[in-house]
Amino acid sequence: MLKSANTVSKSKFWFLAGFVIFVHLVLAYRFFQLQVLDHNEYSRRAENNRIRATSIPAPRGLILDRHGEIIVDNYPTYIVSAIGAEIVEKEKNYKVISAATGIDTAILKQNYKNYYRNRFLPTRLAKDLTIGQLSRLEEAKDELTGIVYSQFPERIFNSKIRASHVLGYLKEIDQGMMVDMDEQSDYQYGDLVGWSGLERQYESQLRGEKGVAYYQVDAFGREAGPVEGHDNILPNPGNDIHTTLDVSIQALLENEFNDKKGTAIVSNPRTGGILAYVSAPDYKPDLFTGMISSKDWKTVIADSNRPLLNRVTNGTYPPGSIYKMVVGVELLEKQLVTTDWSVFCTGEYEFYDRTFRCWNENGHGKINLEQAIVQSCDVYFYQAIQNVDINDLAIRSKQFLHGLITAIDLPTEMKGRVPDRQFMNKLHGRYGWSKGAMLNLSIGQGEILVTPLQMVAYTNLLATRGKTYPLHLVQSQNEMIDAPAIRSRTWNRIQDYMELTITQSNGTGRWSNPKIPGLRIGGKTGTAENPHGEPHAWFIAYGEKDDEMITITILIENGGSGGEVAAPIAKRMFQHYYGPKTTKLVSK
Amino acid sequence: MFAEFWYKIKNSPLSLLLVVGLLLLIGLVTLYSIAQVQAQTPPNAFSKQMIFLIPATILMIFMTLVSKGLVHKYIYLGYGFIVLAVFIPFFGEKVAGTYRWINLGLPFGLQPSEIAKWVIVITLARYLSDHNLQMNNFASNLVPFAIAILPTFIVLNQPDLGTAFVMMTPVIPMLFWVGARPYHLFLIVAPLFSILAASNEFTFTIWAAILAIVIYMAKPQLWHGVGIYFGNIFLGLIFPLMWNTLRPFQQKRVLTLINPDLDPLGAGYQIIQSKTALGSGGLFGKGWGQGTQTHLKFLPVQESDFIVSVIGEEFGFVMLFIMLVLFSWLIVKIIKLGLNASDRFSGLILIGISTIFMAHIFVNCAMTAGMIPVKGLPLPFVSYGGSFLLSSFMMIGLVLNFGREELD
């Protein structure tokens, strides 16, 4: 069993014993050093003072527009906190604070509970105090114990614009949220964290690093100057982010959407940068700053227009007639039609036992592909689509970025959907759908759903003949996205058709033309039928003058005809941008 | 049967118990002071510690009486169980941010990692005594490391860096005891140093020189020596690159695990308070129940990890010195018993257990005195803590059992 003999030399014992004694001597010396040699110094610290450490919040980085104009800034407010180990008679303290500031004691109590970390650290009772409130507190100082004040930077917004869906908001971390935030556990209760929009996407750049202030505190809890040997650690402010937004264009479009629901996005297709981003209705960007009243919150939540929904990234809609360029490219590339081939539009189209209507009840007469896009004839597409396979159309749609996330620098984005055979079989059953579904798809109706942001990417592709860049809100260098492999002649034709849509006297996009010399505009209207009432009005367009190009994508929910409602907004935007009164706006 | 038990107890090295008793007394007096002055009504740390002494003593007697043969026979099985047990807390709830505890529905939790410490020691002792190992052969050193590393790795993920450290330390003196070449032990810890030294060009240059000298002096085969040398250098060079692929918050987490001082509101604050408490105690202390730092509650976890600061503040350097004398006597005595043990298995267990005590004492005192980063390790017999008290008493039982002079 225990057979191995214990043959160990005595020198090993002496080696180990010597080591043990050596370690104990080192420890003893260290205690001697602290307790005897440095005794006076530590005595002084212990008897007269205790040390208090509080964190100094770091100002978040600013958010700037492309000209350097500040969109989101910080302003100083004050917070009042209590230190659990030092506070005597909490209730009495709360009453004094309440009397000086007008804040209800119940709120103070609730905050103490929410932000409590441990009894040595300041726990926030109230924030956003004004200088007035602070000075009244200061007067009542004698009645308070263990109460401290500190500065706290809050967000303040540019008054010209709202852009709340882009900028996003901050949220305060309380004990409930901490549980969900395990991944970034270096946050503490009471810290602000970007909770949506750019504030969330760029949280790590914006937040900066907190500092620490050490104070000596006397036996009555009064601060008695800095601590020797423990210099304060200054906070490291967050980095500013330079967006591609343009405050003046954003303001113009927000104004247009004051009484409308929908989205409008202006971008530079040569960079992918977004100049304006409107999702209406929205909310005031400072809604979440400071203490949001439960009344305000309920109003926003209960609003049936859903102002908290970011429609640009998270709303999905049928594209309607703006989809016709995808079908047009498929027809031309696969040589399913010639440019001369035409259809006679009577205003409706019989297909087996169903009647499909053109938007123009009187009919367009004899019409080829060019005029079918310019005048947005539906019947042409009902006829032409019958030679197209649904899977080929799905591939083409994805080539033009329908149903794919754009990977814009915002936290959430919907994918939309592009139906293919497998999808249709799953939805309707193997024999539950027929070619009739293709007729709907040909004019961007039916099962297809896209986000307005996908339509921005689509418009940028059309504007640049495929040579465009990923959409983004913060200035960055990106690789060009994969251009659809399409013959140059097809690009020429599609662009010609889009430009005729604007310039031809009966083109559906004619109301978007500001008629500025030298300005080339191409576009397409859409009027998407939907089960929620009036059709959604779409308009996409690009404009180019003196080598400066921008695109605009407009959607007005239940707005009616794209040509009549959405196109005029684009006209005013083009006027603002390319018109004579404005100064040079695009900088490379 | 009782006669046999009595015989066993009578022949155990009972003088150890006197030292253990004195250390316990220091701890209890301090815990009583904390409970009394802060007006904590029972159950407080003092009363709970008193209650834990009952099962602790019973387990100690059991460990003193259990047959050595049975321990030897079943230890591999026990090792298997303990590896599973340190895994179990991962399926339970997090307590205080870690997965150390098993909840049995009792009013207190159990930490299987405490038991794992000495189970690893006995497992290593059996492996090293069973196999007549050629300790000059480098490969023979690796299996013992594997035995210790498996549970250590699990504990490290709980995360409990202190306990993981304690689990690994016995391997080196135990290998040394059975005749491993110091050169081999050096090779095993070398990669760790290569990584640590890589943070700074100057230290890395010095380390590279030391490595070269040690390898040269050991006179290995040329290719072995060159391979080991450049392997280590390569590791040191590649590590910063791997490090940079981590995201900033991941880096910060790893760094805070190694050095909690990076969180100045947390651990850094504890060290300031602990040093102030110790230093203000002076030579003779402020007197029992008079510690201002203690009783103004500025010292965190004062009942367990930072109890040395309370002792130092209230009883001064003199008492800490007495405590260190008692500890060093205890450990040297256990090593002495190891030297005189009748067989290698017993000797190795004693060496391993002495190392565990030594590691606890060093880490706890050095941390309290601000010499090393904060690691939550309690002080044997002195600190409050149920699982650790049970484990420490069981280890003393093992020492009494395996350190007994066999007269037959």
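## Helices, turns and distant contacts in a predicted model

Helix H7 (residues 161-168) of chain B packs against helix H16 (residues 344-368) of chain B at an angle of about 145°, and their axes are 9 Å apart. Here axes are lines fitted to C-alpha atoms, for helices over the stretch in contact, and angles run from 0 to 180 degrees between N-to-C directions. Helices (H or I, at least four residues) and strands (E, at least two) are DSSP runs, numbered from the N terminus.

This is a predicted model, in which local features need pLDDT of at least 70, side-chain atom pairs count only at pLDDT 80 or more, and totals for chains, interfaces and linings use all residues. Residues are numbered from 1 along each chain as its sequence is written, while chains are lettered from A and ligands numbered from 1 in the order in which they are written.

### The helix pair in chain B

The crossing of H7(B) and H16(B) is right-handed. A crossing is right-handed if the near helix is turned clockwise from the far one by less than a right angle, and left-handed if anticlockwise. From H7(B) come B:Gly162, B:Phe165 and B:Val166; they meet B:Ile356, B:Ala359, B:His360 and B:Val363 in H16(B). Contact requires C-beta atoms, placed from the backbone, within 7 Å. The residues of this contact divide into 5 nonpolar, 2 polar and no charged. Ala, Val, Leu, Ile, Met, Phe, Trp, Tyr, Cys and Pro count as nonpolar, Asp, Glu, Lys and Arg as charged, and the others, Gly among them, as polar.

### Chain A overall

Chain A holds 21 helices and 18 strands. Of its 588 residues, 44% are buried. Buried means 20 or more other C-beta atoms within 10 Å of the residue's own; exposed means 12 or fewer, and partly exposed lies in between, with C-beta atoms placed from the backbone. Among the contacts in chain A with a separation of 6 or more, 71% are between residues 24 or more positions apart.

### Two helices of chain A

Helix H3 (residues 90-101) of chain A has 12 residues, which at 1.5 Å a residue should span 16 Å; its end C-alpha atoms are 16 Å apart, which agrees. The expected span is 1.5 Å times one less than the number of residues. Buried in H3(A) are A:Asn93, A:Tyr94, A:Ile97, A:Ala100 and A:Thr101. They cover an arc of only 130° around the axis, so they sit on the same side of H3(A). The arc is that of the directions from the helix axis to the C-beta atoms. An α-helix has 3.6 residues a turn, so residues three or four places apart point the same way.

The buried residues of H3(A) pack against several elements of chain A, including strand E3 (70-83), helix H4 (105-115) and strand E5 (147-157). After H3(A) comes A:Gly102, with a positive phi near 80°.

Helix H19 (residues 452-464) of chain A is mostly covered, with 12 of its 13 residues buried. Among the buried ones are A:Pro452, A:Met455, A:Tyr458 and A:Ala463. Their cover includes strand E10 (262-268), helix H13 (324-333) and helix H20 (488-503) of chain A. The 13 residues should span 18 Å at 1.5 Å a residue, and the end C-alpha atoms are 19 Å apart, which agrees.

### Backbone details in chain A

A cis peptide bond joins A:Ala280 and A:Pro281, with omega about -5°. A:Pro281 lies in the loop between strand E11 (273-280) and helix H11 (294-302) of chain A.

A:Arg306 has a positive phi near 55° and is not a glycine. A:Arg306 is placed in the loop between H11 and H12 of chain A. With 13 C-beta neighbours inside 10 Å, A:Arg306 counts as partly exposed. A:Arg465, also not a glycine, has a positive phi of about 55°. A:Arg465 comes just after H19(A), in the loop between H19 and H20 of chain A. Its 16 C-beta neighbours inside 10 Å make A:Arg465 partly exposed.

### Two glycines of chain B

B:Gly397 is in helix H17 (residues 386-402) of chain B. B:Gly370 lies in the loop between H16 and H17 of chain B. Each has a partner distant in sequence, listed here with C-alpha to C-alpha distances.

| Residue | Partner | Apart in sequence | Apart in space |
|---|---|---|---|
| B:Gly397 | B:Thr57 | 340 residues | 8.9 Å |
| B:Gly370 | B:Ser274 | 96 residues | 8.0 Å |

B:Gly397 counts as buried, with 23 C-beta neighbours inside 10 Å. B:Gly370 counts as partly exposed, with 19 C-beta neighbours inside 10 Å. Not counting residues up to four places away in sequence, B:Gly370 touches B:Ile271, B:Ser274 and B:Lys275. On the same basis, the residues that B:Gly397 touches include B:Leu59, B:Ile61 and B:Thr64.

Technical notes
Two residues are in contact if their C-beta atoms, placed from the backbone, lie within 7 Å.
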